[in-house]
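I wanted to look up a few things in this model before reading anything into it. These are my notes, in the order in which I made them.

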Amino acid sequence: MSTFIGEFEQMVLLAIMQLGDGAYAISVRQLLEERVGRSVSRGALYRTLDRLQEKALLNYDVDAPTPDRGGHARRCFQVTPEGVDVLKQSRSALLTLWDGLEEELGRS
Amino acid sequence: MSEQRHLQRRPPVWAERVLRWSLPAGILRESVVGDLREEFLHGGLRSRMAYRREAFSISLRYWGARLRKSLARGGRGSGPRRGGGSMNRFFHDLRYASRALLKRPGFMIVSVLLLALGLGATTAIFSLVDRALLRSLPVVQPDRLINVYTTCRRGFPRCSSSYPDLIDYRDRTETISDLAGYTWYPASVGEEGRQAELATVMLATGNYFELLGLNPAQGRLLQTQDGDEAAAVTVLSHHYWRRRYGGDPSVVGRDIRLNGTPFTIVGVAPPGFEGTDLGSDADLFLPLRSGALLNVGAAASPGIFENRGSRWIGTLIARLAPGATVEQARDELLALSEAMREEDPDARGPRSVTVDESSGYGLPRAAREEMVTFVLLLMGVVGMTLLLACASLANLLLARASSRRRETGLRLCLGAGRARLIRQSLLESVVLAAAGALAGLLVAQGLLRALGGFQLPGGIPIEDLDITLDWPLFAFAAGAALLTALLFGLIPALQSVRLNPADAVRGDGRRLEAGASPLLRKGLLAVQVGMCLVLMVGAGIFLGTLYRGLGVELGFPSQGLALSRFNLTLLNYEGEQAMSFVNRLKEQVEGMPQVASAAVATNVPLQVGGHRGTFVEVPGYTLAPDEELRVEYLFVTEDYFETLGLPVLQGRAFAAGDREGSPPVVVINESMARRYWQESPVGRTVILPGDISAEVVGVARQTTWRGLDDDPINFVYLPLRQSPDQSTSFLTLMARARSGSGDGGDAEALLPLMRQQFRQLDPQLALSSEQTMGDQLRTVLMPQRMGAFLLSALGMIAVLLSLVGVYGIVSFLVSQRRRDIGVHLALGASRGRVLRMMMSTVLGPVTIGLMVGLAAAVLLSGSLSAFVFRMSPQDPATLALCAAALTLVAALSAWWPARRATRLDPMRVLSAD
């Protein structure tokens, strides 16, 4: 499978993997904002999650509703094996392109 | 906050609702709503505002995604996904509706045009009405303000007041808490290093601004002591401050020269306030007593403030005392005026007073009633247009629905839900109404711009009113159109889904027609025809008046006359100096090869404003009690009658010898001669104000003066040379072009040449107007021109609409009754008979429409009587002509589709079943 995904999609998948069991939309957004320093709009995040799910790169479990969510359920995301493959491909593609440029790019 | 209460905190209900509505049903909706709820309670969305913003932003993302997806799908044959959320279906239906409309561009264009014209005209005219009549003064409690006028004689209820009158009205009444007076003058404004220009100056009593409750934008406004001391101070109007000084605040305290006298600028009036008259645009406000420093008009006459007989303060405005009503004030002022007359019977005290509510801008008094009628007329016409547009739209929608029954049937057969079909049809109406509203907005803006070129009765240029589009009103009109579209989209939709789909698909005409829609359509057609006739009659009457007005006998030939108005007082020309300017000007202009003759006068016929009236005595004629001999008078040079082309019927015109020092002479007009003398008045005397007895040397022919339809006015012409001090403020140079071919020569071409002559004599002199007598005639006929323009345009649209309506119904019936027609033809009916049969289907509605229209036209045209001139507003010829024309149009538009019916091949029609 040779799917390439966008930078933001990669970040979202990586954040979900970083978060492990506790990966749901709010925590993903927080992690991206804290670690990458990138401001993420909620709408964009939800649409990206939808898209990744449609591409079968992630799936989710449904948590039981809690009172502080007004009785609404929560989706907890996991990256699927296909998602992991795509991430690997992206990484190796990037590393190939980085090869030989460390000196130049590292300096700047 | 306890944990329990904290959990009960709820996010904004509507925002959450929108969010739910925007998201596809299922776990996605659940989890997103839950996430936001959680963040609202614990996280980064604590404020309700932030929640709303985020909810709307997420909703927008999902809508956008849907729209992109549905556009990408192209919708070809793809229905909505099952369970795909209501938004999905909505977008699908919206796309379907738009495509269905675009598939029949003719229908779409006609409907949108109809709505655009109806909405646009309504909004533009109502915006005008709102600004001209309904909007109140930008002052404190405008509903507590009244206007007070002194009645000078019978039939003239609103004359100017004298200063002693003003003081009495103010001080001797309980129902009035304060009263101010004002009058207008032009003044020449000059400053070091700047070009002199004309400005409009309002002379007002010192309490004027205080009475209105206004606050200054800069510095201060006029105060009572300014008036008492005749201080050389002025307040700029906001727009003048912006225009001349670029809104520079440091202008306060600076000097400005008015007619050569320095005045100190003490402040700037609040924005939007330019005086209390409609269309008035005061540039500067001055204390009433300081008018003497301007050296112009009555305000400069010595003793004017003590003279009860000198009525020169144009308008008095008063504020009612707390609790007092307009009626109480009127009663009190009437009683006071009676007392004043009794106290001092010789001093020509006020005959009576007139008290008006000043709820809106005080219109110039001559214009008030005429304008109200005119504007109401416009509103009526425009309201009718909106109604007509709605009726036509309804008819179009019904026609369209009929032609689509087959399609509806097919879709029902294929399993489409009835609710869905109805919704789609309603959505089409909404799309149509939205497009119409958008186009209507453009039409309204364009119309407002076009109307700027016209004037309201009373000579107020519409441009000066700064009319902006009235948005609430536009919303109202658009709402009416939407409602029409929805209603007449719904009726046929409900009918068609009740059909037996099989009948619809087979196209069985008779069963299809069983609904109420043909009857409804015929009813609407009758309404259309009726309203169309009313508009046509209105247009016909205005056009008739315009035609008669342009051809009216003015008493002099109007072609080839060029007029330039100027004001010598502004540049401090006085007496002999002014006279010699006039003489040199006249000589130079007469010396031009293009000019046949030239004259200077204080006034010319058909001029707006500047009329002068006075009272004279005729020895030997005894006035009846209550009778006054009021005359219009004007000062003219000796060539006046020759230049104007006004024949002197008896005696002589003025001669060069009638100058200062020679015995006073006058020329009077025909109506005065007939009324006050049994035989020829030439050689008799008239006693002018100041006990000057003047000899009547000639009688000039009657001429129209203010308007085309005025009653005969008594006229006294005086030689300008005999009274050089009197009248140098408003003068008109009149030149008649030398005619090459006998058609009166080109007056338009003379104006720039005349301007050059002025410039040669005094480059500082600014002309206050330049126009031809033809222009002036057109100004006088402005209401008729505007009425004729609007009603003709709307009438033409109405005729077109009726044409489309009749054509639509007949062609619809022809297509629906093909089978019947085929049977008739097969059984040997003649083609003529079939033609008659089809045409007769619209006979009923057209006849009813014509009759109702005629009745309505007769009833409504009474409101035109103020503008109709030398013809009856119920002119039978116009009524008959319009009705005949409309009948012809209806017959032609029925004949065209009916003719198709006669060309059907019966064999083919019958075998098609």
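I began with disulfides, taking one to be a pair of cysteine sulfur atoms within 2.5 Å, and by this rule I counted zero over all chains. A disulfide is a covalent bond between the sulfur atoms of two cysteines. How far is the sulfur of B:Cys882 from the closest cysteine sulfur? I found 9.0 Å, the partner being B:Cys532, and that is too far for a bond. B:Cys882 is buried, with a relative accessible area of 9%, whereas B:Cys413 is partly exposed at 46%; here buried means under 20% relative accessible area, exposed over 50%, and partly exposed in between, with a 1.4 Å probe and protein chains only.

I noted the ground rules next: this is a predicted model, in which local features need pLDDT of at least 70 and side-chain atom pairs count only at pLDDT 80 or more, while totals for chains, interfaces and linings use all residues. Residues are numbered from 1 along each chain as its sequence is written, chains are lettered from A and ligands numbered from 1 in the order in which they are written, and side-chain values use heavy atoms, with hydrogens and water left out.

Turning to chain A, I read an average pLDDT (the predictor's confidence in each residue, from 0 to 100) of 87, with 94% of the residues scoring at least 70. Among the elements of chain A, helix 1 (residues 7-19) has the highest mean pLDDT, 93, and helix 5 (residues 102-107) the lowest, 71. Chain A has five helices and two strands, which I took as DSSP runs numbered from the N terminus (helices H or I, at least four residues; strands E, at least two). Along the sequence their pattern is α-α-α-β-β-α-α. Of the 108 residues in chain A, 40% are buried.

I then went to the place where chain B meets chain A, where the contact (heavy atoms within 4.5 Å) takes 23 residues from chain B and 22 residues from chain A. The two chains bury about 2,000 Å² between them, 53% of it on carbon and sulfur atoms; buried area is the accessible area (1.4 Å probe) that two parts lose on being put together, summed over both. On the chain B side, B:Ile27, B:Asp35 and B:Glu38 lose the most area to chain A, together 26% of what that side buries.

How many salt bridges cross this interface of chain B and chain A? I found six, counting a side-chain nitrogen of Lys or Arg within 4 Å of a carboxyl oxygen of Asp or Glu. B:Glu38 takes part in a salt bridge with A:Arg69, and their closest N and O atoms are 2.7 Å apart.
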